[in-house]
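Here is a short briefing on one protein model. Keep the structure open as you read.

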Amino acid sequence: MIPHLLLLHLLISVSYAYNCYNQKCWGTQQYNTTSIPCDLALNHCQLNNVTGYPSCLQHFDTTGIKCGDQCKCVTDERGRAGCSCPNKYIIMISVALIGVVLAGILWFVYFRCKMSKGLPMDTVRAEEEAEGRRNLKYAVDDE
């Protein structure tokens, strides 16, 4: 029965879906500048009550943070975990800029197609105006 409870506890712990964990344990007191590597996805830190020296113990009940789908987990020089996410404004500006460039390319291709017919610009403009008048006439007739 006990192994089943441990397995259930492990599944519940993993179901929280943390995907970013600290990577070092730091000491306290006289060892406050001492760190040891410790992947907190599968372990936890413990400090010696007397000296403050850190130790890394295997333990599955860990706490991490959840980075979103667009973010990635990063650790700083002290081993602290955090989420690095792209700036939403940069993404929106990039998409808008790409849209403007694509619209410009399409307009240029359309303009070049009109010019490739060998028509002078005055004729092209006259054709566009006539097309506009025809569309306007159809719109008025429909009312």
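The points below go from the overall layout to single contacts.

This is a predicted model. The protein chain holds 3 helices and 6 strands. Of its 143 residues, 13% count as buried.

**Overall layout**

- Read from the N terminus, the elements of the protein chain follow the order α-β-β-β-β-β-β-α-α.
- Helix α2 covers residues 88-116.
- Strand β1 spans 24-26 and strand β2 spans 35-37, with a loop between them.

**The hairpin of β3 and β4**

- Strand β3 takes in residues 43-47, and strand β4 takes in residues 54-58.
- The two strands run antiparallel, and 5 bridges join them.
- To find the pairing by eye, start at leucine 47: proline 54 in β4 stands opposite.
- Between the strands of this hairpin there are 6 residues.
- Glycine 52 has a positive phi here, near 85 degrees.

**The hairpin of β5 and β6**

- Strand β5 is made of residues 72-75, and strand β6 of residues 81-84.
- These strands also run antiparallel. They are joined by 4 bridges.
- Lysine 72 faces its partner in β6, as serine 84 stands opposite.
- This hairpin has 5 residues between its strands.
- Glycine 79 sits in the turn and has a positive phi of about 85 degrees.

**The aromatic pair**

- How many aromatic pairs are there? The count comes to 1.
- The partners are tyrosine 31 and tyrosine 53, and their arrangement is edge-to-face.
- Their ring centres are 4.9 Å apart, with 90 degrees between the planes. An angle over 60 degrees counts as edge-to-face, so this pair earns that label.
- Where do the two partners lie? Tyrosine 31 is in the loop between β1 and β2, while tyrosine 53 is in the loop between β3 and β4. The pair therefore ties together parts that are 22 residues apart in sequence.
- Tyrosine 31 has a relative accessible area of 25%, so this residue is partly exposed.
- Tyrosine 53 is partly exposed too, at 38%.

**Charged contacts**

- What does a search of the whole structure find? The result is 1 salt bridge.
- Aspartate 76 and arginine 80 form this salt bridge, and their closest N and O atoms are 2.9 Å apart. A salt bridge needs such atoms within 4 Å, so this contact qualifies.
- Is aspartate 76 buried or partly exposed? Aspartate 76 is partly exposed, with 28% relative accessibility.
- Arginine 80 counts as partly exposed at 44%.
- Another arginine meets a ring: the charged end of arginine 78 sits over tryptophan 26. The distance to the ring centre is 3.8 Å.

**A nonpolar surface patch**

- Leu97, Ile98, Val101, Leu102, Ile105, Trp107, Phe108 and Val109 form a nonpolar patch on the surface.
- Together these residues have about 820 Å² of accessible area.
- One of them, phenylalanine 108, is found in helix α2.
- Why does phenylalanine 108 count as partly exposed? Its relative accessibility is 46%. Partly exposed residues fall between the 20% limit for buried and the 50% limit for exposed, so phenylalanine 108 belongs in that class.

Notes
Residues are numbered from 1 along each chain as its sequence is written. This is a predicted model: local features need pLDDT of at least 70, side-chain atom pairs count only at pLDDT 80 or more; totals for chains, interfaces and linings use all residues. Side-chain values use heavy atoms; hydrogens and water are left out. Two strands pair if DSSP finds at least two bridges between them. Patches are made of residues with over 30% relative accessible area and no salt bridge: like charges are joined within 9 Å, nonpolar side chains (Val, Leu, Ile, Met, Phe, Trp, Tyr) within 5 Å. Accessible areas come from the Shrake-Rupley method with a 1.4 Å probe; for residues, only the protein chains shown count as cover. A salt bridge is a side-chain nitrogen of Lys or Arg within 4 Å of a carboxyl oxygen of Asp or Glu. Buried means under 20% relative accessible area, exposed over 50%, partly exposed in between (1.4 Å probe, protein chains only). Rings of Phe, Tyr and Trp (its six-membered ring) pair if their centres lie within 6.5 Å; planes under 30 degrees apart count as stacked, over 60 as edge-to-face and the rest as tilted. A charge sits over a ring if NZ of Lys or CZ of Arg is within 6 Å of the ring centre and within 35 degrees of the ring normal.
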